[in-house]
Amino acid sequence: MHFVPSMLEAFLATDEVTADPAWAGSLRRVFSSGEALSGSAAHRWHELTGVPLHNLYGPTEAAVDVTYHAYDGEPGTTVPIGRPVWNTGLRVLDSCLRPVPDGVPGELYLTGVQLARGYHRRPALTADRFVADPYATEPGARMYRTGDLVRRRPDGTIDYLGRTDRQVKLRGNRVELGEIEAELTRLPAVARGAVVIRDQRLVAYAVPASDATLDPASLRAASRRRCPRLWSPRHTSSSTTSRSPRAASSTRPRCPHPRPNEPNAGSPQGRWSSGSPRSSRPSSASRTPAPTTTSSGSAATASARSVSRAAPVRRAWS
């Protein structure tokens, strides 16, 4: 049996599953991959079934699974991603490609024969992610820069800490928040935009340009044309606030945004429908972004020779 961690969480929340664990009697091993596996979910699985649970890690660019770790009941926020599989190398390096000591966070680089050749028709992205391996003995060896922040234990086990960029995983699918924001702000009616994940949904906040009116239906239609299908908004709602989203490159922290379909606390206007004329609507400098939500992310496909994608998504494990 193989679970994406978010599916495992949902599975363990089902009464039919937890009422009588006898259904697990025929299981010998269970695998989990696609997202960070929480220690709480692994513990609940172990207590309920006793069936060995193995945490797998690996990006599409490296033929999917490149590390493994058998959950041993050790407490922790997340289960370690473990050690490399056969013919795979792991390097934990700093920003200057220097190895970091055990216990010090660094970016994870992958080596081995299973690395993809690159991204289909994306030479610049290929050069950025597949870099020369300065520690290899054979000429032409490369490393894949995962963008994952990790820490190596003294025994060689790797702990996953997070991302070095704004890529996230939503139910096992890659989501590049910055790229969604870039497409959002290319629309003439949008001055600024921000995208966050709330309650397992993508929520996009858009600030109207001067003298522009945001129509949720138009935003949804535009997103379908510009973004992968799984990134296209399916629900929209609006609220007001005196704070606006910051660009991904901004050095200032992002302000918290109101939840979809909820009025902003302290706002005299309460909730309003984007695109509806209103004399009390705040100025464009303080106007609330119109939240747009979608229910999933995007996945990419790859082979040992190439990674072909329909959209500009990048790194994280599959």
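This passage walks through the fold of one protein, from its overall make-up to a few single residues.

The structure is a predicted model. The protein contains 6 helices and 18 strands. Of its 318 residues, buried ones make up 47%. Contacts that reach across the sequence also stand out: among contacts between residues at least 6 apart in sequence, 62% join residues at least 24 apart.

A good place to begin is a pair of packed helices. Two such helices are described by the angle between their axes and the distance between the axes. Here, the axes of helix α1 (residues 5-12) and helix α3 (residues 39-49) come within 10 Å, and they cross at roughly 50°. An angle of this kind makes α1 oblique to α3, and the crossing of the two is left-handed. On the α1 side, the contact is made by Leu-8, Glu-9, Phe-11 and Leu-12, while α3 brings Ser-40, Ala-41, Arg-44, Trp-45 and Leu-48. Sorted by character, the residues of this contact divide into 6 nonpolar, 1 polar and 2 charged.

Helix α3 deserves a further look. Its buried residues are Gly-39, Ala-41, Ala-42, Trp-45, Leu-48 and Thr-49. The cover over these buried residues includes α1, as well as β1 (2-3), α2 (15-19), β2 (30-32) and β3 (53-57). After the helix comes Gly-50, which has a positive phi, near 75°.

Turning to the nonpolar cores, the largest has 18 residues, and those with the most contacts inside it are Ile-81, Val-92, Leu-108, Leu-110, Tyr-144, Val-150 and Ile-158. Four strands, β6 (88-93), β7 (106-112), β9 (142-152) and β10 (158-163), each supply at least two residues of this core. A second core, separate from the largest, has 16 residues and includes Val-17, Ala-41, Trp-45 and Val-79. Readers may recognise Ala-41 and Trp-45 from the contact between α1 and α3.

Helix α5 (residues 177-185) has its own set of buried residues: Leu-177, Glu-179, Ile-180, Glu-181 and Leu-184. These pack against the strands β11 (167-170), β12 (173-176), β13 (190-198) and β14 (201-208).

Two single residues show how parts of the chain that are apart in sequence come together in space. Thr-146 has its place in strand β9, and it counts as buried because its relative accessibility is 1%, where the cut-off is under 20%. Its C-alpha atom and that of Ala-62 are separated by 9.6 Å, although the two residues are 84 apart along the chain. Leu-214, in turn, lies in the loop between β14 and α6 (216-226). With a relative accessibility of 4%, Leu-214 also counts as buried. Between the C-alpha atoms of Leu-214 and Ala-189, 25 residues apart along the chain, the separation is 6.6 Å.

Finally, the backbone offers two exceptions to a general trend. Most residues other than glycine have a negative phi. Ala-63, however, is not a glycine and has a positive phi of about 60°. This residue lies in the loop between β3 and β4 (67-70), and at 41% relative accessibility it counts as partly exposed. Leu-97 likewise has a positive phi, near 65°, while being a residue other than glycine. The place of Leu-97 is in the loop between β6 and β7, and with a relative accessible area of 26% Leu-97 is partly exposed.

Technical notes
Residues are numbered from 1 along each chain as its sequence is written. This is a predicted model: local features need pLDDT of at least 70, side-chain atom pairs count only at pLDDT 80 or more; totals for chains, interfaces and linings use all residues. Side-chain values use heavy atoms; hydrogens and water are left out. Axes are lines fitted to C-alpha atoms, for helices over the stretch in contact, and angles run from 0 to 180 degrees between N-to-C directions. Angles under 35 degrees count as roughly parallel, over 145 as roughly antiparallel, 65 to 115 as roughly perpendicular and the rest as oblique. A crossing is left-handed if the near helix is turned anticlockwise from the far one by less than a right angle, and right-handed if clockwise. Contact means heavy atoms within 4.5 Å. Ala, Val, Leu, Ile, Met, Phe, Trp, Tyr, Cys and Pro count as nonpolar, Asp, Glu, Lys and Arg as charged, and the others, Gly among them, as polar. A nonpolar core is a set of buried Ala, Val, Leu, Ile, Met, Phe, Trp, Tyr and Cys residues joined through side-chain atoms within 4.5 Å. Buried means under 20% relative accessible area, exposed over 50%, partly exposed in between (1.4 Å probe, protein chains only).
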